2 protein chains.
Amino acid sequence: MPSLTYAEENYLKAIYHLSDGGKHNVSTNDLSKEMKTKPASVSDMLRKLSDKEVINYRKYYGVTITEEGKKSALQIIRKHRLWEVFLVEKLMFSWDEVHDVAEELEHIKSTILIQRLDDFLGNPKYDPHGDPIPDEFGDVKARPRIPLNDLGLNDSGQIVAVKDSSAAFLRYLDKVGAYIGARIKILDKVEFDGSLEILVDNKKTLFMSKDVAGNILIIQS
Amino acid sequence: MPSLTYAEENYLKAIYHLSDGGKHNVSTNDLSKEMKTKPASVSDMLRKLSDKEVINYRKYYGVTITEEGKKSALQIIRKHRLWEVFLVEKLMFSWDEVHDVAEELEHIKSTILIQRLDDFLGNPKYDPHGDPIPDEFGDVKARPRIPLNDLGLNDSGQIVAVKDSSAAFLRYLDKVGAYIGARIKILDKVEFDGSLEILVDNKKTLFMSKDVAGNILIIQS
DNA sequence: TTTATTTTTTAGATTAATCTAAATCAATAA
DNA sequence: TTATTGATTTAGATTAATCTAAAAAATAAA
Ligand SMILES: [Mn+2]
Ligand SMILES: [Mn+2]
Ligand SMILES: [Mn+2]
Ligand SMILES: [Mn+2]
């Protein structure tokens with residue numbers, strides 16, 4: 001694996017995410033938006049990443065991630081998610097507080113550190129937002145997850161992840177009492193605006209907008 | 001406290017240490033040696049640190065650290081040492097493995113992270129090398145410590161810290177069975193080369209060179 | 001108290017990561 | 001199929017952290 005700078009790691013991770021794990025092409029403008037840098041800066045960075053052979057770059061046609069790049073990206077994601085677990089499980093952070101700190105911790109370079117952190121945490125399979133943690137070889141246990149939106153009336157399932165990990169969204173979920181692991185059932189779907197009424201843990205009913213429901217990921221059952 | 005870059009933090013910490021906590025003046029060449037950079041680079045950096053008012057810099061006459069600078073340095077040292085405790089106590093690192101990783105972790109910017117790490121570790125007062133951990137206000141519980149060298153024949157005491165934290169030295173101590181907390185007594189002092197014979201925990205006798213003894217710190221008793 | 005030596009600073013480059021402004025390419029629309 | 005538009009790249013700067021080589025200042029030696 002080529003050695004990447006801090007900034008290169010962040011770009012590569014963004015490319016991995018925006019391409020949905022390498023499935024699609026990513027454009028300069030999309031990256032520019034994601035990274036909050038100007039398109040010109042992105043072009044510069046793409047040349048560097050291409051030189052290091054972690055992406056395939058054809059000028060004017062966007063990028064795809066290489067197999068090598070995917071491996072590197074998955075190691076960064078692994079670190080990010082393990083640190084998130086550490087912060088929540090051991091340091092009592094709430095799930096809306098961990099992202100920015102993990103964004104820094106993910107760049108600490110030490111293989112042994114991550115191995116031992118993984119063991120210390122009991123080799124967790126998912127992070128606090130329900131996202132799978134790649135193993136040391138980059139293998140990911142992907143569960144099939146669908147947006148809460150896609151359930152029909154009277155369907156039921158379990159919340160397993162969130163699509164949006166912003167503090168604002170997570171705090172909203174805390175407030176209304178939606179959490180990962182919660183069992184839910186669709187009591188009503190409003191035609192007009194796509195909003196839902198759901199039953200949480202056979203106990204509490206909850207109204208939520210289409211927008212919110214689209215960011216909650218479910219395993220149907 | 002002014003915000004410092006990664007490199008600025010490392011220089012400031014070096015200045016703090018080389019000046020023995022602000023007691024002495026530090027020269028450009030000394031810093032250059034410590035930081036493994038050229039004197040020219042040090043001069044550049046001193047101007048920057050001076051602009052941020054963490055050091056007093058008089059061209060050609062070296063630097064002293066300001067009160068503000070001392071505070072900043074102590075926060076970095078606090079983080080470094082807390083992370084070292086974490087690595088040893090929780091992740092099963094040995095005391096000779098922690099330094100380089102802590103050197104990176106100390107730069108993670110998050111007040112809440114350090115507060116919670118401190119609590120998680122049970123508010124330790126000393127790091128794995130016996131060095132005191134400054135509290136959140138920068139207050140340090142300094143114990144009087146003397147080099148093992150300075151003890152006289154039949155004097156006894158307890159190992160509380162090491163002066164040299166290099167992996168080589170620490171592994172040597174592991175090998176011969178000297179550790180922090182060990183009770184020791186001077187059985188013999190060789191005039192010729194300053195080497196010592198000591199009794200460890202009333203059990204095991206140990207020979208060590210003057211050089212080694214000078215890097216072991218003791219509280220006499 | 002001159003001269004020589006050592007230390008320190010300045011000048012001028014380089015690399016990484018960013019920016020703005022200008023140029024260029026590709027896709028779309030007439 | 002050409003013109004327009006929007007996306008992307010290139011050119012030229014800037015800031016941070018380093019370097020080498022040269023100049024200047026302080027210290028030590030004669
Ligand atoms: Mn990051
Ligand atoms: Mn996450
Ligand atoms: Mn450091
Ligand atoms: Mn230490």
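Here is a chat about how two chains touch each other and DNA strand D in a predicted model.

Trainee: Let's start with the two chains. How many residues does chain A bring to the contact with chain B?

Mentor: Contact here is about heavy atoms within 4.5 Å. Chain B puts in 20 residues. On the other side, chain A gives 20 residues.

Trainee: What percentage of the area buried between chain A and chain B comes from carbon and sulfur atoms?

Mentor: Take the whole buried area to begin with, which is about 1600 Å². The part given by carbon and sulfur atoms is 75%.

Trainee: And the charged pairs: which residue of chain A forms a salt bridge with E97(B)?

Mentor: The rule finds two salt bridges across this interface. In the one with E97(B), the closest N and O atoms are 3.2 Å apart, and the cut-off is 4 Å, so the pair counts. The partner of E97(B) is R116(A).

Trainee: Which element gives the largest share of the side of chain A that touches chain B?

Mentor: The elements with two or more residues on that side of chain A are α4 (67-89), α5 (98-105) and α6 (111-120). The largest share is five residues, and they come from α6(A).

Trainee: How many nonpolar residues are on that side of chain A?

Mentor: Set the other classes aside: two residues there are polar and five are charged. The nonpolar ones number 13.

Trainee: Now the DNA. Which part of DNA strand D makes up 72% of its atoms within 4 Å of the protein: sugar or phosphate, or bases?

Mentor: Have a look at the residues around the strand, 23 of them, with S43(A) and T5(B) among the closest. Of the strand's atoms within 4 Å of the protein, bases make up the rest, beyond the 72%. That 72% belongs to sugar or phosphate.

Trainee: How far is a backbone N or O atom of N29(A) from a phosphate oxygen of DNA strand D?

Mentor: Chain B has a contact of this kind through K38(B), where a backbone N or O atom lies 2.9 Å from a phosphate oxygen of the strand. For N29(A), the distance is 2.8 Å.

Trainee: Last one: which element gives the largest share of the surface near DNA strand D?

Mentor: Both chains are in play, with α2 (28-35) and α3 (39-51) of chain A and α1 (6-18) and α3 (39-51) of chain B each supplying at least two residues. The largest share is five residues, and it belongs to α3(B).

Definitions and conventions: Residues are numbered from 1 along each chain as its sequence is written. Chains are lettered from A and ligands numbered from 1 in the order in which they are written. This is a predicted model: local features need pLDDT of at least 70, side-chain atom pairs count only at pLDDT 80 or more; totals for chains, interfaces and linings use all residues. Side-chain values use heavy atoms; hydrogens and water are left out. Buried area is the accessible area (1.4 Å probe) that two parts lose on being put together, summed over both. A salt bridge is a side-chain nitrogen of Lys or Arg within 4 Å of a carboxyl oxygen of Asp or Glu. Helices (H or I, at least four residues) and strands (E, at least two) are DSSP runs, numbered from the N terminus. Ala, Val, Leu, Ile, Met, Phe, Trp, Tyr, Cys and Pro count as nonpolar, Asp, Glu, Lys and Arg as charged, and the others, Gly among them, as polar. A residue is near a molecule or strand if one of its heavy atoms lies within 4 Å of it. A polar contact is a pair of N or O atoms within 3.5 Å; within protein, one must be able to donate a hydrogen and the other to accept it, and residues adjacent in sequence count only if both atoms are side-chain atoms.
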